Amino acid sequence: MTDSLLTTPFHSMHIQAGAKMVPFAGYDMPVQYAMGVKKEHLHCRAQAGLFDVSHMGQVRLTGTSMESIALALESLIPADYVALAPGRQRYGFFTNASGGIMDDLMVTNAGDHFFLVVNAGCKVQDIEHMRAHLGSNIDLEVLEDRSLLALQGPKACEVLARLAPDVEDMRFMDARSVSILGHECFIGRAGYTGEDGFEISVANDRAEALAASLLAFDEVEWVGLGARDSLRLEAGLCLYGHDLNQQTTPISANLTWGIQKSRRAGGDREGGFPGAEIVLEEMANGAKRRRVGLLPEGKAPVREGVQLVTAQGDVIGVVTSGGFGPSLGAPLAMGYVDNAYTPFDTQVFALVRGKQLPCRVCKMPFVEQTYRR
């Protein structure tokens with residue numbers, strides 16, 4: 001089975017580091033290393049974790065003008081990219097005709113082009129979608145020759161600044177080209193853990209050297225997919241294919257903040273994206289269900305797919321992500337519930353093997369985010 005899987009340029013490094021490899025989005029990826037998921041998670045929260053995210057798709061968009069590219073993107077995504085300043089990045093999501101989310105992504109104004117990072121499991125679909133709809137004046141280049149590393153944690157900036165002092169004055173969602181070890185990298189100050197950190201796009205032939213240089217610092221350890229999932233869950237961040245899918249609208253997912261004022265009703269460029277009528281109607285009148293944080297009241301975690309019910313056994317929702325939070329020191333979950341059950345501190349029940357386990361609706365993130373704004 002492994003023979004049919006793709007690998008990243010860091011594959012041999014993962015093997016040498018004792019990683020347990022698993023199939024993920026068509027790639028052979030490290031789920032954990034010798035340290036184990038819990039220790040990797042806590043190390044990232046305390047120092048700096050290094051993540052191989054090269055399985056994600058990196059795309060460069062060029063055109064006759066930056067505004068023309070931005071407007072083309074806005075025809076597919078309900079975010080404001082016309083007003084996105086050079087050297088800044090912004091979260092977005094492709095919508096379908098029914099207002100559902102096809103994928104979520106990061107979009108950066110790189111000055112003379114737009115740089116996109118899309119999810120690994122959706123990148124083929126996303127690239128085909130953009131090629132079909134962006135128009136002939138937009139040139140789309142898939143950056144197959146580049147790898148992607150994420151350095152996350154409270155020591156991330158201190159560590160990276162030893163190799164690239166320019167990163168110290170970056171703030172959350174800034175992006176720029178930086179020379180590291182004599183080679184140009186494209187860096188964004190963001191991430192998927194809730195911690196301060198950076199995502200580093202580096203040429204494939206320089207990838208191992210960069211990773212080795214970062215790992216040479218005492219503060220840095222490899223972190224696998226297992227801890228990546230528990231870190232993002234504690235941070236209240238969605239995972240596409242679990243908390244988001246083609247039937248989930250941005251409003252029900254509590255991602256209204258991802259739709260800027262100019263794209264909302266009454267805005268300069270109101271609507272104009274697939275499913276806009278449905279999304280704007282929900283924005284005005286509310287969605288029938290919403291994504292919420294959940295704290296199980298016992299010690300047992302509740303997992304994805306578990307039904308959420310009332311005390312009387314009426315089904316009111318479903319868990320979409322769940323597990324144990326090493327930093328929280330308790331089980332945690334997120335899921336969707338009918339609107340009447342979304343207020344904080346509402347009690348609901350997770351139906352696990354026929355038993356009703358009490359949970360409380362809670363605020364997210366579960367663990368404070370430490371982005372450098």
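How many of the 10 residues of α7 are buried, and is the helix enclosed or open? I opened the notebook with that one, bearing in mind that this is a predicted model.

**Entry 1: helix α7**

I counted 8 of the 10 residues as buried, so α7 is largely enclosed by the rest of the structure. I wrote down the buried ones: Leu225, Ala227, Arg228, Ser230, Leu231, Arg232, Leu233 and Glu234. Next I looked up what covers them. They pack against β1 (20–24), β2 (27–32), α2, β3, β16 (315–325) and β17 (330–338). I also saw that α7 lies across β16 and β17, and that its direction makes about 120 degrees with β16. Just past the helix, I noted Gly236 with a positive phi of about 75 degrees.

**Entry 2: α7 meets α2**

How do the two helices cross? I found that the axes of α2 (residues 37–46) and α7 (residues 225–234) come within 8 Å and cross at roughly 55 degrees. That angle is why I call α2 oblique to α7. The crossing is right-handed. On the α2 side I listed Val37, Glu40, His41, Cys44 and Arg45; they meet Gly226, Ala227, Ser230, Leu231 and Glu234 of α7. Sorted by class, this contact has 4 nonpolar, 3 polar and 3 charged residues. I pencilled a star by Ala227, Ser230, Leu231 and Glu234, since these names are on the buried list of α7 and also in the contact with α2.

**Entry 3: the barrel**

β16 and β17 sent me to their sheet. Here 6 strands close into a barrel, in the order β14-β17-β16-β15-β18-β19, with antiparallel pairing. On average, neighbouring strands are turned by 45 degrees against each other, direction ignored. I picked one pair to follow by eye: β15 (residues 307–309) and β18 (residues 347–352) run antiparallel and are joined by 3 bridges. Within that pair, Leu308 has Ala350 of β18 as its bridge partner.

**Entry 4: the open sheet**

Then I turned to the sheet that contains β3. It is open, with 6 strands in the order β10-β11-β12-β9-β3-β13 and mixed pairing. Which strands sit at the edges? I found β10 (175–180) and β13 (220–222), each pairing on one side only. The twist from one strand to the next averages 30 degrees. Between β11 (residues 183–188) and β12 (residues 197–203) I followed an antiparallel pairing over 3 bridges, where Ile187 stands opposite Ile200 in β12.

Helix α5 (residues 156–163) packs on this sheet and touches β3, β9 (146–152), β10, β11, β12 and β13. Its direction makes about 35 degrees with that of β12. I checked how covered α5 is: 6 of its 8 residues are buried. These are Ala156, Cys157, Val159, Leu160, Ala161 and Leu163.

**Entry 5: His55**

Last stop, a single side chain. Is His55 buried or exposed? I first placed His55 in the loop between β3 (48–52) and β4 (57–62). Its relative accessibility is 2%, which is why it counts as buried; the cut-off is under 20%. Leaving aside its neighbours within four places in sequence, I listed the contacts of His55 as Thr8, Phe24, Tyr27, Met29, Ala120 and Lys123. Phe24 belongs to β1 (20–24), while Tyr27 and Met29 belong to β2 (27–32). I had already met those two strands in Entry 1, where the buried residues of α7 pack against them.

Notes:
Residues numbered from 1 in each chain as written. Predicted model: local features only at pLDDT ≥ 70, side-chain atom pairs only at ≥ 80, totals over all residues. Heavy atoms only, no water. Helix = DSSP H or I, 4+ residues; strand = E, 2+ residues; numbered from the N terminus. Buried < 20%, exposed > 50% of the residue type's maximum accessible area, 1.4 Å probe, protein only. Contact = heavy atoms within 4.5 Å. Axes fitted to C-alpha atoms, helices over the stretch in contact; angles between N-to-C directions. Parallel < 35°, antiparallel > 145°, perpendicular 65-115°, else oblique. Left-handed = near helix turned anticlockwise from the far one by under 90°. Nonpolar A, V, L, I, M, F, W, Y, C, P; charged D, E, K, R; others polar. Pairing = 2+ DSSP bridges.
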